[in-house]
Amino acid sequence: MLTAEEIKKVAKAMGADIVGIGTPDRWDGAPVQMDPRQIMPEAKSVIAFGFRIMRGSLRGVEEGTFFSNYSSMGYGGLNWLYIPHTMINIAKYIEDYGHEAIPLGHLSPWRGIDNEGELRPGYSRPVEPGKAAPDVMVHLRIAAFLCGLGEIGYSKVFLTPQFGPRQRLGVMLTEAELEPDPIYDGPPLCDRCMKCVAECPGDAISPDKTVKVAVAGHQLEWNDLDCERCGIYFRGGVYTDEGETGEYMSAQGRDDIKPGPISPFYHKPNNIYEYGEAICGAKGCIRACMIHLEERAVIGNKFETPFRRNKLWTVDWSQEPEAEMPASE
Ligand code: SF4
Ligand code: SF4
C-alpha cells in the first residue's frame, strides 16, 4: 500500500524539496473554475510540491551583471522543465500502485479565467451544464496552503518555513488515499513588514488594497497586485512620459515603454522559456522578502553570508555610460 511517508520520501529523492498532502474536501465552496474535483472527481488526495529557487540564481541580478540565470534556472526552467519532469516521474510511481495521478502542468496559458478570476471572454465554454469552462485553473498557492506547505505572504508570493519566498509550486491530483497534513499552523512567516511594497520597482504591490479569500475555515489576505504594472516593471521597463515614445518593448508592439532604473538593457531581452525576461529578479516580492525573513531567522535554508552585500545599484538612463576601460593586456 502506498503511504504518505513513502510518496514524500520518493518525491524528495526525485527532486522535490518540500511535499504536503491535502484532501479534496478542503476545496468545498471553491469557485467551480478553480476546483480540482472538476478535473478529477474521484481524487482522494491533492499533493503540493515546493521546488526551491536557488538563492544563487538571484545573485547575478543582485550584482547587476548576469540577468538570465534567474529567468532560466530560477523561473522558466523550473516551471517548464524541472517541475514537470520531476512530477511526471512521481506520478508514474503512484500509477504503478494502480492509482491514477495527474501532475498539473503549468496552468496559465490555457486557463479559462483571467487574473481577476473572471471567465476569459470568447475563450471557451463548458462541455455540459455543471462543468467548468476549460481549462480549470487550480490556484497553486491556495493548493499549497491547503496541503500544509506554508502561507501566502502579503506580497501574494507563497512563503514556507524552509525557503521563505524562494520556491515554485507544483500540484498533483491522485486517487490514492494518503494521510493528509494539517494546514500550516506554525509561527506566521509574513509579519506585514512591507519591505516587498517598498522595494517593488513598479509600485505594483498595493500598500493598502487587499484581496481576501476564505478557504477551509481560514481567512487569507494578500495585496491587490497590479498585474499590468508588474508585467511591465518585472521586464525592466517603465512607462514613458506623456508625449514621449520608447522602444524598450517595440518588438512586442509597444511604443510607450522605455528602460527603467533596474534594467541595463536597451531593449527587453528575448525570452528564455516563457519567462526569459524577469529582469527585476523579483526585487520586492522575493529578494526583499527573503532578506527580511533571513534577518528574522525564520527560514530553515540558512547561508553563511547575508544575501545583500553591496549597495543597491540603479541605471541612470539620463546619462551616457562611462567610456569602457581598456581590456587588460
Ligand atoms: S516582505 Fe514582509 S510584508 Fe512582504 S510578504 Fe515578505 S514578510 Fe510579508
Ligand atoms: S516581480 Fe518585480 S515588479 Fe512584479 S511584484 Fe515582484 S518586485 Fe514588483
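Strand β10 (residues 246–247) pairs with strand β11 in the parallel sense over two bridges, where strands are DSSP runs of E of at least two residues, numbered from the N terminus, and two strands count as paired if DSSP finds at least two bridges between them. Within this pairing, E247 stands opposite I257 in β11. The structure described here is a predicted model, in which local features need pLDDT of at least 70, side-chain atom pairs count only at pLDDT 80 or more, and totals for chains, interfaces and linings use all residues. Residues are numbered from 1 along each chain as its sequence is written, while chains are lettered from A and ligands numbered from 1 in the order in which they are written.

Strand β11 (residues 256–259) also pairs with strand β9 (residues 237–239), in the antiparallel sense and over three bridges, with G237 placed opposite P259.

Four further strands form an open sheet with antiparallel pairing, in the order β1-β2-β6-β3. Because β1 (18–22) and β3 (101–103) stand at the edges, each with a single partner strand, one side of each is left without a neighbour in the sheet. On average, and with direction ignored, neighbouring strands of this sheet are turned by 20° against each other, the axes being lines fitted to C-alpha atoms, for helices over the stretch in contact, and angles running from 0 to 180 degrees between N-to-C directions.

Eight bridges join β2 (residues 45–52) to β6 (residues 167–174) in the antiparallel sense, and the bridge partner of V46 in β6 is L173. Helix α3 (residues 68–95) packs on the sheet, touching β2, β3 and β6, where helices are DSSP runs of H or I of at least four residues and contact requires that the C-beta atoms of two residues, placed from the backbone, lie within 7 Å. The direction of α3 makes about 30° with that of β6.
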